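Visitor: I have a chain open and want a quick tour. Can we go topic by topic?
Guide: Sure, ask away.

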Amino acid sequence: MLSDQEKTREELLAEVASLRKRLANAELELFSFEKQCEERNRDLARECAEHRKAVQALEMSRLIVERSPVILFRRIAGENPHLEYISENVRQFGYSPEDFFSGAIHFKDVVHPDDQVRVGEEIRRYAKEDVEEYTMHYRCITKDGDVRWIEDQTSVIRDADGCKTHNQGVLFDITDRRLAEEALRKSEEKYRRIVETAAEGFVLMNEDLIIVDVNDAYCRNTGYSREELIGTSSFDRGTEEFREFMLQNRDTLLNQEYREFEGEGYGKDGRRIPFLVHGNTLRNDQGEIIGHMAFITDMTEHKKALRLAGEVQKSLLPQEKPQVRGLDIAGRNVSCDEIGGDYFDFIWQRDSHQGPFNVVVGDISGHGVDSALLMTTARAFLRMRASQPGTISEIISAMNSQLARDVLDSGRFMTLFYLSIDPEHRRLDWVRAGHDPALLYDPVQDEFTELKGEGIALGVVDEVNYHEHRREHLANGQIIAIGTDGIWEAFNIQGEMYGKNRLRECIRANAMRSAAEILGAVYEELRRFTLGRKTEDDITLVVIKVDGLEP
């Protein structure tokens, strides 16, 4: 090889050019290597960051598992199954993973002795049937000897060839839930025994009011078997009136969480059964309606006793139309219950059918048995006092003194309108004791007049002097109507009150008819107006039509 001195100039220049080319290539390779190093460094940094995140996530998962009540496990499948992994939080039962891995204890050893055979049989059955996932419930014994309920959710792991390699899953401690379920079961059993042995009928319905269960008492009361009742509507055995009532009021009733109402239905033998319903809506934990329940009391005997009392009370009211020259008279009383507190009467003073004729309409506060008893007492005293000498104001004043002594501390009172009609002298006299004024309609003038006057209700204050009021010039065709507030304070299903204007219009429309026909027209209009809604007060009306007065 020639030395640099021996080389020609051209050879040296060629060699320098070659060296420069090699240097340029080396620089390119160095630049490329540096780029590769930078890229690899970035990849390594990214991989390190991802590794750190994975380690952190794994550590977080480990902490979550360890602090969770849910125990994870993985078991090698095959002829010799054994735990390959169990999470650290198995320590909540007093054991460590090492206890199982070392063979010091096997998992079957912690299963309650009473459950071991069953659990073993279930596992073998699932294995034989090649079930992919299954759930078991059994008891375990902690290291301290406590008994815990476990929910075991296991799934099968297979290799690429489909061969079973592992069983893995989770263990939930459901002790509190099982205890709560057991307490609920015992509670349900207790309440079912109470319902089944109750004397009252019990009906359980779904959200559409279809019967899903009944107790023995309800079957006895109706005569139907449980099988005949379940799946039927709760209205199927109601009377026509009750079905109409429920049709009109169903939404209103169901909007009430707790409801109480009366009705009437038919037993299997065709007898009518009056009943009292105490019902309420059933809701789940989210407040959604899941059904309805009702206790149903057979009111047959109760109603029978009340009807008997009502018959006695009705017998105290006028039974015949009074024959008074120049007057056409009709009266009617309809109680909202079997007995009530309204009262009307026709009285001749001093047992003589000569002279003025008296009409009395009264209303005891409230309605029911106590009101009926007070009405009977008031009637007896009024009749006794009216048979004695005295003006009608003296009669009512004496009656007030007597009632005040009887009811002053009870808060009860009685309103009363006492009308004395003298056809011979064409004159009206009246005393108003807290009662709504009577109406006088003159068809000739097409005009209504209220027979007003001061005077508080009877029994409120002792020693009140009541005053008489008078109207002259009684004329043929005029109509007098004396009623109780159960008429104009009656409501329909829309919550609208009947009112006095409707009463006036009904009287005006029927003014050419007899007193009995006018009375019937009012009651019929009231019936139609309140259709679908139970009346809440007694209704009493007396109609007197002046007819046949001599010129």
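**Salt bridges and shape**

Guide: Glu182 is partly exposed, with a relative accessible area of 32%. Buried means under 20% relative accessible area, exposed over 50%, and partly exposed in between (1.4 Å probe, protein chains only). This is a predicted model: local features need pLDDT of at least 70, side-chain atom pairs count only at pLDDT 80 or more, and totals for chains, interfaces and linings use all residues. Residues are numbered from 1 along each chain as its sequence is written, and side-chain values use heavy atoms, with hydrogens and water left out.

Visitor: What does Glu182 form a salt bridge with?
Guide: Arg185; the closest N and O atoms are 2.3 Å apart. A salt bridge here is a side-chain nitrogen of Lys or Arg within 4 Å of a carboxyl oxygen of Asp or Glu. Glu182 and Arg185 are three residues apart in helix 5, so about one helical turn separates them. Arg185 is partly exposed at 35% relative accessibility.

Visitor: Which residues do salt bridges with shared partners join into one network?
Guide: Asp115, Arg118, Glu122 and Arg139.

Visitor: Back to helix 5. Where do Arg177 and Glu181 lie?
Guide: Both are in helix 5 (residues 175–197), four residues apart, about one turn of the helix. Helices (H or I, at least four residues) and strands (E, at least two) are DSSP runs, numbered from the N terminus. The side chains of Arg177 and Glu181 form a salt bridge, 3.6 Å from N to O. Arg177 is partly exposed at 41%, and Glu181 is partly exposed at 40%.

Visitor: How many salt bridges in the whole structure?
Guide: The search finds 39. One of them pairs Arg74 with Glu84, with the closest N and O atoms 3.1 Å apart. That pair links distant parts of the chain: Arg74 is in strand 1 (residues 71–76) and Glu84 in strand 2, ten residues apart.

Visitor: Leu83 is in strand 2 too, right? Buried or exposed?
Guide: Leu83 lies in strand 2 (residues 82–86). Leu83 counts as buried, at 16% relative accessibility. Leaving aside neighbours within four places in sequence, Leu83 is in contact (heavy atoms within 4.5 Å) with Phe73, Arg74, Arg75, Phe100, Phe101 and Phe107.

Visitor: New topic. How many disulfides?
Guide: Zero. A disulfide would need a pair of cysteine sulfur atoms within 2.5 Å. Take Cys37: the closest cysteine sulfur, in Cys48, is 16 Å from its own sulfur, too far for a bond. Cys37 is partly exposed at 30%, whereas Cys506 is buried at 5%.

Visitor: And the overall fold. How many helices and strands?
Guide: The protein chain has 13 helices and 20 strands. Its radius of gyration is 48 Å, well over the 24 Å that the globule rule gives for 551 residues, so the chain is more spread out than a compact globule. That radius is taken over C-alpha atoms, and the rule is 2.2 Å times the number of residues to the power 0.38. The C-alpha atoms fill a box of roughly 175 × 75 × 45 Å along the principal axes. Buried residues make up 42% of the 551 residues.

Visitor: Last one. Where does Phe413 lie?
Guide: Phe413 is in the loop between helix 11 (392–407) and strand 14 (414–422). Phe413 counts as partly exposed, at 32% relative accessibility.
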